[in-house]
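Trainee: Could you walk me through one strand and show me how the labels are earned?
Mentor: Sure, let's look at it together.

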Amino acid sequence: MIGIVVSGHINFASGMQSAMKAIVGEPEQMRFVDFVESMSTDDLETALRNAAQEVNSDDGVLFLTDIPGGSPANRASVILMDSDQVEVLSGVNLPMIANATFERDGASLHELVDILQDIGKSTIQDMRKALEAAIVEECISEEEGL
């Protein structure tokens, strides 16, 4: 099973962990690493490496981080350069993190990255446009029914 490490600034990771527990329970082979103000970037990298070791079962490790170019993404990318069995996705959201737990079974590390990118793109929605489209469709359906 692909191991997953979620990391981000301040309480991003622990917040995602709380949400994950509510949605899917306690996921296996998944760790959450907050980058808090008291940590140096070296401390963060050490914590990320330790978390990766804890979840690694030789199927690879996927880091899911909050901000592209931020310290969690950058330090995870340093770890990525050590192994072809490590990938990093940055700019992730809760639907991506939750789906990572379901989609990783039977997928390769690279397939999981592709799947999660598609999920991320599809979950960002302009709710005003979605509501307006639904109203227009409802009006058309009512007109056809008369």
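**A strand in the middle**

Mentor: Both faces of β3 are covered, with Val61, Phe63 and Thr65 buried on one side and Leu62 and Leu64 buried on the other. Keep in mind that this is a predicted model, where local features need pLDDT of at least 70, side-chain atom pairs count only at pLDDT 80 or more, and totals for chains, interfaces and linings use all residues. Residues are numbered from 1 along each chain as its sequence is written, and side-chain values use heavy atoms, with hydrogens and water left out.

Trainee: What makes β3 "mostly covered"?
Mentor: Buried means under 20% relative accessible area (1.4 Å probe, protein chains only). Five of the five residues in β3, 61-65, are buried, so the label fits. By the way, a strand is a DSSP run of E with at least two residues, and a helix is a run of H or I with at least four, numbered from the N terminus.

Trainee: How do you know that β1 pairs with β3?
Mentor: Pairing takes at least two DSSP bridges between two strands. β1 (residues 3-9) and β3 are joined by five and run parallel, so they pair. Ser7 stands opposite Thr65 there. Five bridges also join β3 to β4 (residues 86-90), again parallel, with Phe63 opposite Val88.

Trainee: Why is the β3, α3 and β4 unit called right-handed?
Mentor: With the strands pointing away from you, the path from the first strand over the helix to the second must run clockwise. β3, α3 (residues 71-80) and β4 make a β-α-β unit of that hand, so the name applies.

Methods
Buried means under 20% relative accessible area, exposed over 50%, partly exposed in between (1.4 Å probe, protein chains only).
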